Amino acid sequence: RGYAYKMATFIDTMMVWWSVAVNYLVRARAWFGDNLKITWTTKMSRSKNSSSTSKPETVTPTGNDDFSWLGLCALGFPIRGRNVKILTEPHEYYSVLKERMSTASRRIELASLYLGVDQLERDLVQTLNNSLARNPNLRCRILLDHLRGTRGQTNSCTLLQPMLAEFRERMSLHLYHTPNFRGLLKSVLPERVNEGMGVQHMKVYIFDDNVLISGANLSHSYFANRQDRYIEFQDCKNLADFLSKLLHVVEKYSFVYQMDGTVSDPPCGQNPLLSGTSSQLFKQKLKKEVEALVHPDDPKEFTIEENAEFDSVVYPLVQMGQVGVTQDEEVTQKLFASYPQGSNTFLASGYFNLPPFYTQTILQGKGKWNIIAASPQANGFYGAKGISGHIPNMYVHFGNKFLTEVYKQQRESDVKYHEYLKYDWTFHGKGLWHYPANEELPTLVLAGSSNFGNRSVFQDLELQVAIVTKNTLLRKSLHEECRNLFKYTSTLNMESTKRPERQLELWERVATAFLSKRV
């Protein structure tokens, strides 16, 4: 095992250094023009079994739609379906954030990748500032990613710094930094590219006993024309308290941004940027604390009825692959395997790049699937400079590869692949809607920050919730949410993969093969 671990670490390190080389290759290409352009359309001969992301074990489908077993894998919180509100538009998301900030009386806790610095974000910060000034009992905690939150001269931290100085006793800003990015590598990888090493990606917004779960960050495009999902749980104290504890644990292992602009070490006493023992202890301790929190002490299955007071159950699912927490991955894999013949499942991902074991579980199952991913033009990196501008092409390749596997296993009649395209919008939606056989409304959904991709599984800190419900009105709302997303999609087939615009240059294919775990 020790030898295998060293080999895996060595291979992963080589992949990272390859990303450095690719970054400078992009710069060289921009300098020398298109002389390096070579189109290679032959199929890559990489075996699916040789992938470093393959799982050694498979999950046998149970062949039924009974999700009571989720209570054996995760903490379940019975709730009233009428207390769940589905938001569908970015402007609704922004309005709810401002309204909840204005009316919170005890606590505001925000966890996101970053906070933008444009006018809408400044107005949001001003709303938060006003609430803290008006209510001396209100406390605010913010958790962001260190790499993304400190990018640029004007960034998330500098925007919040005046508030930290004004409300120093009632406000905190924590910055999580992956323990897998330090030393010489940290001084070489440029901004944006370095985020492929792993980030704090959870999107949880708590206002007193109300919780907003989303995949959306706190920046202008997510408030305007970047489509995502947003589910609010109103008056759900137990759920809010649990998620607050989870954020407390991560904050304990995050750097603390001070009111004078300096950053102090994590309260846990372990610095993730130090080599050797400190970094390993950081991973071990964080994993231990998170797993102690997310796994039920007294596992039990939940049975819900349509007319009962609590007609729905929410199961928070946590994934922190960089430190070995794999709860969300394990539950998702079991869910994928459990869908029986006649069922219909819709899966959305803003960055579609499934690990091989997810793909095989889907294709070896009996249920029908509809996948929605971002088209190249709806990808958030479309038109970006440098290596980031080639990321949409990478996801084109992942989509082509998935479709090829669908046809290879003769599942094209049951597994459909769609791409989202809406003029002047980007697509960042993610999650799942499951419809039992012979039913027109979903009974289970997944929503949160995970894109179900390699990066979500292996690199980033993710949180999503599984909602199992018998509430008819809630099921109708979730159905409408799903249907609205698919209004702007087109269906692809094998002929689609052969279009000239969906072919990658040779160097892009090679880079994609090496970097597939980090995008």
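A residue counts as buried when its relative accessible area is under 20%. Keep that cut-off in mind for the close-ups below, all taken from a predicted model.

**View 1. Val406, tucked away in helix α12.** Val406 sits in helix α12, which covers residues 391-408. Its relative accessible area is 1%, so Val406 is buried. Who does Val406 touch, once neighbours within four places in sequence are left aside? The contacts are Leu363, Arg411, Glu412 and Val415. Look for Lys416 too: Val406 and Lys416 are ten residues apart in sequence, and their C-alpha atoms are 8.6 Å apart in space.

**View 2. Asp328, a buried charge without a salt bridge.** Here we're looking at helix α10 (residues 327-338), where Asp328 has its place. Asp328 is buried, yet it makes no salt bridge. Which side chain of opposite charge is nearest to Asp328, and how far away is it? That's Arg229, 11 Å away. Not counting residues up to four places away in sequence, Asp328 touches Leu317, Val318, Gln319, Tyr358, Ser450 and Gln464.

**View 3. An open sheet with β2 and β11 at its edges.** Follow the nine strands across in the order β2-β9-β7-β6-β3-β4-β5-β10-β11, and you'll find that their pairing is mixed. The edge strands, β2 (84-87) and β11 (263-264), each pair on one side only. Now zoom in on β3 (residues 107-111) and β6 (residues 204-207): four bridges pair them, in the antiparallel sense. One spot to pick out is Glu109, whose bridge partner in β6 is Ile206. Helix α2 (residues 90-103) packs on this sheet and touches β2, β3, β6, β7 (210-214) and β9 (230-233). The direction of α2 makes about 35° with that of β6.

**View 4. Another open sheet, with β1 and β20 at its edges.** This one has nine strands, ordered β1-β12-β19-β18-β17-β13-β14-β15-β20, and its pairing is mixed. Why is one side of β1 (77-79) and of β20 (489-492) left without a neighbour in the sheet? Each stands at an edge and has a single partner strand, so there is no strand on the other side. From one strand to the next, the twist averages 20°. Strands β17 (residues 431-435) and β18 (residues 444-448) run antiparallel and are joined by three bridges. Check Trp433, which stands opposite Val445 in β18. Helix α8 (residues 237-252) packs on the sheet, where it touches β1, β12 (312-320) and β19 (461-469). The direction of α8 makes about 5° with that of β12.

Methods:
Residues numbered from 1 in each chain as written. Predicted model: local features only at pLDDT ≥ 70, side-chain atom pairs only at ≥ 80, totals over all residues. Heavy atoms only, no water. Helix = DSSP H or I, 4+ residues; strand = E, 2+ residues; numbered from the N terminus. Buried < 20%, exposed > 50% of the residue type's maximum accessible area, 1.4 Å probe, protein only. Lys, Arg positive; Asp, Glu negative; His and termini not counted. Salt bridge = Lys/Arg side-chain N within 4 Å of Asp/Glu carboxyl O. Contact = heavy atoms within 4.5 Å. Pairing = 2+ DSSP bridges. Axes fitted to C-alpha atoms, helices over the stretch in contact; angles between N-to-C directions.
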